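This report introduces a structure to a reader who has not met it before. Please keep the sequence and the model at hand while reading.

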Amino acid sequence: MTVPALRPTPPAESTAGRVADCIADADGRITFDLLRDRREGGAPGAVLLLRLRGTKGRSDRVAEDVRLPLSPDGDGRLRAVLPGTAELAEGRWDAWVQQPGTDGETAVEPGIRDLRALVDRTPDPGGTVGGVVVRIPYPTADGRLAVRCWVRAPHAEAGPITFGPAAMTVDGTLYGAELGDDACVEARPAGHPERSCRAPVTGRDGSFSFSLPYDLPTAGPVTAPQLWELWLLPGGPSGSGTGGIRISRILDDIWDRKKIFVYPPRATTGDVLAAPCYSADNDLCLRLEPVQRHD
Amino acid sequence: MHISFLLHNAYGVGGTIRTTFNLAGQLAEHHDIEIVSVFRHRDAPALGAPAGVRMSHLVDLRKKSPTYDGDAIEHTRPAAVFARGDSRYRQYSRLTDARVADHLRSLEADVVVGTRPGLNVQITRQARRGPVRIGQEHLTLDSHSYRLRREIGHRYTLLDAITTVTEADARAYRTGLRLPGVRIESIPNGVPEPVVAPADCDSKWVIAAGRLHKVKRYDVLVRAFADVVAVRPDWRLRIYGGGDATGDERQALHTLIGQLGLHNHVFLMGSVNPLEAEWPKGAIAAVTSDRESFGMTIVEAMRCGLPVVATDCPHGPREIIDDGTDGRLVPVGDAAAVADAVLGLIDDDGTRHRMGRAARAASRRFDPALIAERHEGLYTELIRRGGRHHSHSALRTGVHRARGAVLDGMYALRHKAGDALRKGRAA
């Protein structure tokens, strides 16, 4: 048989100038370090752009691009700094590099993201008057650099979840709000607000705690998986149905804990499995699903 | 020197690929280096091509590529040259035999380096005379099947040198096989200095990383951590890594974590690449494998300044960790011993910090520049010696090849007989 000659792999397109290492600080500051592109010579005027995703053609979600000047750090790298005081709306901000004198923007690939300062953040509840701000640089599914932002004022941070015989208990920390005597938590099934169900919340000095039965009284028949969102109503049921504080877990370096924070499901009386879980947006939910029968 | 590496698949993710890239990139600072990948299944190398290294492939498995080879009839016929006992044998074919042969017969290099047994065997059978022949062993002799050990036992006599990643494995090759005149040298894997600042060892996290595979014994680590949490509930464990084609323990581990009530303390983080920035989030690293042919993650953690608690399993850990100085070695499969060692480091801040600093200092010996120098020294010496096979008589090579063919036939027969026996027994 004929054997073709070696097929060389063409040299990979240079990514210099487009891979960014990041260092995140607990106060929301992010330092971006880009390898300088030799061809561009680190021309002055280059900018790192952060653009809120999902705003295209939506007048209800308008946010100015954040433009951060890139300056040579003397080490062959270009550095841009997002100050902790910058205002970024909650959402996902994609990173781009814009060279001076060009209209085009190039996407940025994530390099090494040093996020150690974000692990186990415990902001002082008294020092979060402007709300809790979280910014996590992360790699998107298609391998680009983005920044996941949360801005919560007030904020209910979920902590450990424990399981009793008939109910699970969630402990957490409340920022920027006080629990009233009638404080409660509301479980809202997606798309069916009329079936919401409430449980009392206790706590003091910035902490909260509630127990939710596995058998939700308003669950009804569960024939397909259901996701119930959990909201904290510090002032009691008057804010029922719409208002309230979404209970989330955002005070660390994990931008999507859906597959990482996994809790064992518990069987309810009605052949239903109940388990707390997190959404891809780090919001705490309760999942109900019918028991799978294999016989 | 012109050095040519022969790699199974330079476009995937794995320890051998990472190590070869590190070495090739380092050698490329002074030498002409190429990596020839037998297979190519994606456009860009997942680990990023090493700087200054030429890359090429022999068999194109990209479905959308105009030069896609996966449909070739020859690719459906089992390989006759690639070692049958190699665990990748099923991926090889008459097509790979021919493409590798063509490459090796025309190779104008000073040194040719094979990176797995099947390819090392192919080098002994198909490389033209001239280049110094190096067979790298990234796994260990005792992890090879009986069949593979027999195959390499006679094929490797036509190599100039074998490099292993541990001294223990080099001893096994020296004493377990009769390879007169073949240099057997252990050279550990190189691990670059991290870009990130070292760990301060003040967090309350234990970090582990590796494929979620049975051999890593994460079940032992999770059970040990139940004991740790019973005493120190403020400490938690992160396990980085995912499953692959050879196994995925994710579901089993989630079940175990649930049974032990550790869902607030033990987290399966999934696959993270690069891993480097994850180590400094921890204060202690843990490795509870039943075996580690080297122990790359141990060195990675140490380079980030973490003390490592590792099982004293064959082969790597005890050649990396100095027990009690820069980490701890504990018996294999013993969850209580792992818990004791971890708790010892948790309870003694001074020892934890001191061992972390010692780990960082000791692990500098794995710097890729130092490791590359050792490979370079070996290659230079073998070239100067004139490579045994430059002077090899055609007769001796011929005799070897004939003997090999006869042995191959014998193994095939024995294999068939074994099959027949097993079938008979089952029936």
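The sections below treat a sheet, the domains, the contact between chains and a pair of helices.

**The sheet in chain A**

The model is predicted. In chain A, five strands form an open sheet in the order 6-7-3-2-10, and the pairing is mixed. Strand 6 (71-72) and strand 10 (109-114) of chain A are the edge strands, each of which pairs on one side only. Strands of a sheet pair through backbone hydrogen bonds, either parallel or antiparallel. Strand 2 (residues 19-24) of chain A and strand 10 of chain A run parallel and are joined by four bridges. Within chain A, A:Val19 has A:Glu109 of strand 10 opposite.

**The domains of chain A**

Chain A is divided into two parts, domain 1 (19-150) and domain 2 (155-290). The centres of these domains of chain A, taken over C-alpha atoms, are separated by 32 Å. Their contact draws 15 residues from domain 1 of chain A and 10 residues from domain 2 of chain A. On the side of domain 1 that touches domain 2, the elements giving two or more residues are strand 11 (132-139) and strand 12 (145-152) of chain A. Strand 11 of chain A gives the most to this side, with four residues.

**The contact between chains A and B**

Between the chains, 22 residues of chain A are in contact with 28 residues of chain B. Strand 1 (7-8), strand 10 and strand 13 (155-163) of chain A are the elements that give two or more residues to the side of chain A that touches chain B. The largest share of that side, three residues, comes from strand 10 of chain A, which is also an edge strand of the sheet.

The classes of residue on the two sides described above are set out here.

| Side | Nonpolar | Polar | Charged |
|---|---|---|---|
| Domain 1 of chain A, touching domain 2 of chain A | 10 residues | two residues | three residues |
| Chain A, touching chain B | 15 residues | one residue | six residues |

**Two helices of chain B**

In chain B, the axes of helix 6 (residues 218-231) and helix 7 (residues 250-259) come within 10 Å and cross at roughly 15 degrees. Angles under 35 degrees count as roughly parallel, and helix 6 and helix 7 of chain B are therefore roughly parallel to each other. Their crossing is right-handed. B:Tyr218, B:Asp219 and B:Val222 of helix 6 meet B:Leu253, B:Leu256 and B:Ile257 of helix 7. By class, this contact of helix 6 with helix 7 of chain B has five nonpolar residues, no polar residues and one charged residue.

Terms used: Residues numbered from 1 in each chain as written. Chains lettered and ligands numbered in written order. Predicted model: local features only at pLDDT ≥ 70, side-chain atom pairs only at ≥ 80, totals over all residues. Pairing = 2+ DSSP bridges. Axes fitted to C-alpha atoms, helices over the stretch in contact; angles between N-to-C directions. Parallel < 35°, antiparallel > 145°, perpendicular 65-115°, else oblique. Left-handed = near helix turned anticlockwise from the far one by under 90°. Contact = placed C-beta atoms within 7 Å. Nonpolar A, V, L, I, M, F, W, Y, C, P; charged D, E, K, R; others polar. Domains from an automatic or database assignment.
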